[in-house]
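Colleague: I would like to learn how to read packing and charge pairs in a model. Where do we start?

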Amino acid sequence: MDIGNTIRELRRKKGLKQGELADKSDISQAYLSKIENNSKEPTITSLKAIALSLDVPLPILFFHSLTPEDI
C-alpha cells in the first residue's frame, strides 16, 4: 500500500500546496510531508481528515493506494 504517494498525487491534481492541505486537514505540514514520503504512518483520524479535505471517500483513498504486492 502506497498511501503517501496517493495523497501526494491527489493533492497535486486538486491544485493544493502541501501547506494548504495540511491546514484544511488540521495537521502540520511536517506531518503531512512525512506521510507523503511514507516515512510516517498516518492515524485513521488523520486519514479521514485528509480524505475529507481532498473530497475523496476514505475507502477510495485506500483503493487507489493498493500496489500489486497488496493483491
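Modeller: With contact, which means heavy atoms within 4.5 Å of each other. This is a predicted model. Take Leu61 as the case: setting aside residues up to four places away in sequence, Leu61 touches Ile3, Thr6, Ile7, Leu10, Leu47, Ala51 and Val56.

Colleague: Which residues have the most contacts inside the largest nonpolar core?

Modeller: The general idea is that a nonpolar core is a set of buried nonpolar residues joined through side-chain atoms within 4.5 Å. Here the largest nonpolar core has 17 residues, and those with the most contacts inside it are Ile7, Leu21, Ile27, Leu32, Ile50, Leu54 and Leu61. Two or more residues each come from α1 (3-13), α2 (18-25), α3 (29-36), α4 (44-54) and α5 (58-65). The largest share, 4 residues, is that of α4.

Colleague: Which elements do the buried residues of α1 pack against?

Modeller: They pack against α2, α3, α4 and α5. The buried residues themselves are Ile3, Gly4, Thr6, Ile7, Arg8, Leu10 and Arg11. After α1 comes Gly15, with a positive phi near 75°.

Colleague: That list has arginines in it. Is Arg11 buried or exposed?

Modeller: The cut-off for buried is under 20% relative accessible area. Arg11 has a relative accessible area of 7%, so Arg11 is buried. Arg11 lies in helix α1.

Colleague: What is Arg11 in contact with, leaving aside its neighbours within four places in sequence?

Modeller: Arg11 is in contact with Leu16, Lys17, Gln18, Leu21, Glu36 and Leu54. For Leu16 there is a distance to quote: its backbone oxygen lies 3.0 Å from a polar atom of the Arg11 side chain.

Colleague: Glu36 is on that list as well. How should I read a charged pair?

Modeller: Side chains of opposite charge can pair when their charged atoms come close. This structure holds 2 salt bridges. In one of them Glu36 pairs with Arg11, and the closest N and O atoms are 2.7 Å apart. That pair links distant parts of the chain, with Glu36 in helix α3 and Arg11 in helix α1, 25 residues apart. Salt bridges that share partners join Arg8, Arg11 and Glu36 into one network.

Colleague: How far apart are the closest N and O atoms of Glu36 and Arg8?

Modeller: They are 3.9 Å apart, in a salt bridge between Glu36 and Arg8. This pair also links distant parts of the chain: Glu36 belongs to helix α3 and Arg8 to helix α1, 28 residues apart.

Colleague: Why does Glu36 count as buried?

Modeller: Because its relative accessibility is 2%, Glu36 counts as buried. Arg8 is at 16% relative accessibility, so Arg8 counts as buried too.

Colleague: Now the surface. Which residues form a nonpolar patch there?

Modeller: The idea is to look for nonpolar side chains that are not covered by the rest of the protein and lie within 5 Å of each other. Here Met1, Phe63, Leu66 and Ile71 form such a patch, with about 480 Å² of accessible area together.

Colleague: Why does Phe63 count as exposed?

Modeller: The cut-off for exposed is over 50% relative accessible area. Phe63 counts as exposed because its relative accessibility is 54%. Phe63 lies in helix α5.

Key:
Residues are numbered from 1 along each chain as its sequence is written. This is a predicted model: local features need pLDDT of at least 70, side-chain atom pairs count only at pLDDT 80 or more; totals for chains, interfaces and linings use all residues. Side-chain values use heavy atoms; hydrogens and water are left out. Buried means under 20% relative accessible area, exposed over 50%, partly exposed in between (1.4 Å probe, protein chains only). Patches are made of residues with over 30% relative accessible area and no salt bridge: like charges are joined within 9 Å, nonpolar side chains (Val, Leu, Ile, Met, Phe, Trp, Tyr) within 5 Å. Accessible areas come from the Shrake-Rupley method with a 1.4 Å probe; for residues, only the protein chains shown count as cover. A salt bridge is a side-chain nitrogen of Lys or Arg within 4 Å of a carboxyl oxygen of Asp or Glu. A polar contact is a pair of N or O atoms within 3.5 Å; within protein, one must be able to donate a hydrogen and the other to accept it, and residues adjacent in sequence count only if both atoms are side-chain atoms.
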